[in-house]
Amino acid sequence: MAFYLVRGDLVSMEVDTIVANANVNLKMVEGVSRAIFHRAGDLELQTACRQIGHCDVGRAVMTPSFNIENCKAIIHAVGPNYINGKHGEEKNLRSAYKSIFKIIDENGFKTAAFPIISSDFNYPLRECYDIEKDEIKNYLSTHIDSDFYVVLFKQAFDIFDDDFKDNLSQYVNTHFDAKVLDSKVKDTNVVVVKEIKKIQKEKNISDDELTLNANFGSTYLERLFNEETFIPTKNMLLSLGVALRLNIKEMANFLAKQGYTFGRNSMYELVVQFYIERGVFDVYQINDCLFFYDLETLSKKLF
């Protein structure tokens with residue numbers, strides 16, 4: 001399983017299904033929904049939605065994808081219009097995701113691309129994204145062969161308060177070191193795999209738990225553990241190191257097993273170190289920050 005936060009065009013994603021923001025009448029709304037209707041074919045998709053007729057708030061329905069050949073179907077999810085947070089908005093938003101996942105299960109879909117549902121309906125972006133991430137993570141924890149993408153195009157994505165940004169900026173300015181450390185990547189993964197299994201045993205971390213907490217696709221650990229010439233990237237070892245809850249010194253030693261360094265000459269590595277020093281070992285939370293600063297995220301798509 002894996003959860004990917006990406007910038008791009010949701011309609012162009014190569015997935016089993018794309019998800020659209022919808023209203024109860026299943027008519028085209030502004031934003032990503034308009035792009036989906038135009039790409040699928042306005043007449044065809046409008047006709048299919050008219051035949052369904054209605055979808056309650058907190059529910060979802062499916063139509064063919066028509067002229068969108070890079071996916072098999074479109075799931076139309078009706079999220080709530082946000083009033084003040086006291087009119088069942090969160091309950092209905094979570095219900096919409098559960099309805100989406102029910103359709104995904106019924107059709108055997110393994111990949112899906114999502115907008116941030118209800119973000120076009122005045123729902124505060126930070127809140128509706130947190131709910132979306134929570135619901136997707138919960139689903140993926142029991143569906144390790146699925147990959148989901150949350151796709152942003154033009155939408156602002158500032159989910160951090162000023163205090164956080166000030167603290168991170170101060171940390172980067174204080175710890176930055178322009179020195180480039182020498183590295184020589186080994187041509188087998190034997191040493192680092194041995195270290196991973198050793199730490200797993202010491203901390204009683206199962207392969208499934210490691211896969212979930214590192215935000216990996218279902219085949220990654222299998223290949224890493226069974227193919228000596230499958231060389232993990234530095235990015236992937238950082239993801240594993242976070243999932244294994246390694247401190248700064250342990251992370252540096254861990255990366256060195258494969259020949260990588262853990263320096264302070266890049267914003268990317270300093271962000272990871274910032275979280276580790278604060279005892280935050282949540283790949284998803286770290287990725288939110290990396291994404292916000294337009295940096296490479298941990299556990300990016302492997303294949």
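This is a short talk on the overall build of one protein and on how two of its helices pack.

Okay, thanks everyone. Before anything else, keep in mind that we're looking at a predicted model.

Let's start with the whole thing. The protein has twelve helices and six strands. Its radius of gyration comes out at 21 Å, and the globule rule gives 19 Å for 303 residues, which is close, so the protein is as compact as a globular protein of that length. If you lay the C-alpha trace along its principal axes, the spans are about 60 × 45 × 30 Å.

What about the inside? Of those 303 residues, 50% count as buried. And if you take the contacts with a separation of 6 or more, 72% of them come from residues 24 or more positions apart.

Now, let's zoom in on one pair, helix 9 and helix 10. Helix 9 covers residues 234–243, and helix 10 covers residues 248–256. At what angle do helix 9 and helix 10 pack? It's about 140°, and their axes are 10 Å apart. Antiparallel would need an angle over 145 degrees, so these two helices are classed as oblique to each other. As for the handedness, their crossing is right-handed.

So who's actually touching whom? On the helix 9 side we've got K234, L237, L238, L240, G241 and V242, and they meet M251, F254 and L255 in helix 10. Sorted by class, that contact has seven nonpolar residues, plus one polar and one charged. The charged one is K234 and the polar one is G241, since glycine goes with the polar group here.

That's my tour, so have a look at the pair yourselves.

Key
Residues numbered from 1 in each chain as written. Predicted model: local features only at pLDDT ≥ 70, side-chain atom pairs only at ≥ 80, totals over all residues. Heavy atoms only, no water. Axes fitted to C-alpha atoms, helices over the stretch in contact; angles between N-to-C directions. Helix = DSSP H or I, 4+ residues; strand = E, 2+ residues; numbered from the N terminus. Parallel < 35°, antiparallel > 145°, perpendicular 65-115°, else oblique. Left-handed = near helix turned anticlockwise from the far one by under 90°. Contact = heavy atoms within 4.5 Å. Rg over C-alpha atoms; globule rule 2.2 N^0.38 Å. Buried < 20%, exposed > 50% of the residue type's maximum accessible area, 1.4 Å probe, protein only.
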